[in-house]
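The exercises below are meant for someone meeting this structure for the first time. Each one sets a task, and a worked solution then goes through it step by step.

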Amino acid sequence: MPISSAPLRRASSLVIGLALVAVSLWAQGGPPGATINDFHVVDGPTRWIYVATDSGVYRSRDDGSTWQAFNEGLPSTEFDATAVSGGANQLFVALDGDGVYRWQNQGPWVKTSNGITDLKVFCVAAKPGDPTFVLAGTFSKGVFRSTDGGESWTRLTSLPLLGASTDIAFAPNDTQRILALSNPAQLYESRDGGAS
């Protein structure tokens with residue numbers, strides 16, 4: 001008995017239709033008119049999504065359906081926000097050309113780049129569970145570390161200066177393990193919290 005191909009065509013049409021819906025849904029997020037350079041999700045009683053864009057920082061508390069500018073205290077001149085990281089009560093944003101800014105407990109953003117010798121900061125990462133430990137990657141001077149919540153910074157001399165530091169990440173299950181990416185493409189790993 002021959003097998004009819006009609007059910008296969010209907011199933012294929014359904015799969016393609018669902019795929020198109022999924023693509024359409026993915027394409028609709030983000031603040032309008034902004035190029036997103038980085039995003040960060042903070043879970044709590046309300047889940048907040050923060051995005052660093054070429055026109056500042058935006059946040060959403062409804063999973064990206066609506067966005068509001070979150071720039072009080074940031075410079076009004078044209079600086080790209082390149083990265084955002086932190087927790088519910090303390091966030092950090094990197095600005096390409098103006099260093100690192102910190103936001104705490106409903107206050108405005110405050111510049112906190114004391115010790116960073118290259119203000120073209122491309123990435124920032126706060127240690128999960130320890131908001132006092134922060135790393136910032138720069139264009140030409142490598143990675144800087146703060147152990148006092150951004151009040152002061154020192155360069156990690158264990159990392160060679162081989163190019164721009166473009167991304168930093170803490171391993172989610174072992175925050176002593178850190179990965180740092182530089183351009184030209186080099187990937188570095190620390191298993192002791194950045195000491196080596």
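**Exercise 1. Describe the surroundings of Lys127, beginning with the residues it is in contact with once its neighbours within four places in sequence are left aside.**

Solution. Leaving aside neighbours within four places in sequence, Lys127 is in contact with Phe133, Phe170, Thr175 and Gln176; the model in which these contacts are found is a predicted one. The next step is to place the residue, and Lys127 is found in strand β9. Then consider its exposure: buried means under 20% relative accessible area, and Lys127, with a relative accessible area of 17%, is therefore buried. One of its contacts, Phe133, can be described further, since Lys127 lies over the face of Phe133 at 5.2 Å from the ring centre. Finally, look farther along the chain, where Gly193 is 66 residues apart from Lys127, with 9.4 Å separating their C-alpha atoms.

**Exercise 2. Work out in which order the strands of the open sheet that contains β9 are arranged, and which of them are edge strands.**

Solution. The open sheet has 4 strands in the order β9-β10-β11-β12, and their pairing is antiparallel. The edge strands are β9 and β12 (154-155), each of which pairs on one side only. At the β12 end, β11 and β12 run antiparallel and are joined by 2 bridges, and within this pairing Arg145 has Thr154 in β12 as its bridge partner. As background, strands of a sheet pair through backbone hydrogen bonds, in either a parallel or an antiparallel sense.

**Exercise 3. Trace how β3 is paired, and decide whether this strand is enclosed or open to the outside.**

Solution. Start with the partner that is joined to β3 by a hairpin: β2 and β3 have 2 residues between them. Strand β2 (residues 48-53) pairs with β3 in the antiparallel sense over 5 bridges, and the bridge partner of Ala52 in β3 is Val57. Next comes β4, which pairs with β3 over 2 bridges, again in the antiparallel sense, with Gln68 in β4 standing opposite Arg59. As for exposure, 5 of the 5 residues of strand β3 (residues 56-60) are buried, so the strand is largely enclosed by the rest of the structure.

**Exercise 4. Describe the hairpin of β5 and β6, including how many residues join the two strands.**

Solution. The hairpin joins β5 to β6 through 3 residues. Strand β6 (residues 90-96) and β5 pair in the antiparallel sense over 6 bridges, and Ala81 has Leu95 in β6 as its bridge partner. Strand β5 (residues 80-86) is mostly covered, with 5 of its 7 residues buried.

**Exercise 5. Find how many aromatic pairs there are, and explain what two of them tie together.**

Solution. The count comes to 6 aromatic pairs. In one of them, the ring centres of Phe70 and Trp103 are 5.5 Å apart and the ring planes stand at 65 degrees, so this pair is edge-to-face. Phe70 lies in the loop between β4 (68-69) and β5, whereas Trp103 lies in strand β7 (residues 99-104), so the pair ties together parts that are 33 residues apart in sequence. Both partners are buried, Phe70 at 8% relative accessibility and Trp103 with a relative accessible area of 4%.

The second pair is formed by Phe122 and Phe139, with ring centres 5.8 Å apart and planes at 70 degrees, so it is edge-to-face. Phe122 lies in strand β9 (residues 121-127) and Phe139 in the loop between β10 (130-138) and β11 (143-146), so parts that are 17 residues apart in sequence are tied together. Here Phe122 is partly exposed at 21% relative accessible area, and Phe139 is partly exposed at 43%. The charged end of Lys120 sits over the ring of Phe139, 5.7 Å from its centre.

**Exercise 6. Identify which residues of the largest nonpolar core touch the most other members, and which strands each supply at least two of its residues.**

Solution. The largest nonpolar core has 15 residues, of which Tyr50, Val57, Phe70, Leu74, Leu91, Val93 and Trp109 touch the most other members. Strands β2, β5, β6 and β7 each supply at least two residues of this core. A second, separate core has 12 residues, including Ala83, Phe92, Ile116 and Val121.

Key
Residues are numbered from 1 along each chain as its sequence is written. This is a predicted model: local features need pLDDT of at least 70, side-chain atom pairs count only at pLDDT 80 or more; totals for chains, interfaces and linings use all residues. Side-chain values use heavy atoms; hydrogens and water are left out. Buried means under 20% relative accessible area, exposed over 50%, partly exposed in between (1.4 Å probe, protein chains only). Two strands pair if DSSP finds at least two bridges between them. Rings of Phe, Tyr and Trp (its six-membered ring) pair if their centres lie within 6.5 Å; planes under 30 degrees apart count as stacked, over 60 as edge-to-face and the rest as tilted. A charge sits over a ring if NZ of Lys or CZ of Arg is within 6 Å of the ring centre and within 35 degrees of the ring normal. A nonpolar core is a set of buried Ala, Val, Leu, Ile, Met, Phe, Trp, Tyr and Cys residues joined through side-chain atoms within 4.5 Å. Contact means heavy atoms within 4.5 Å.
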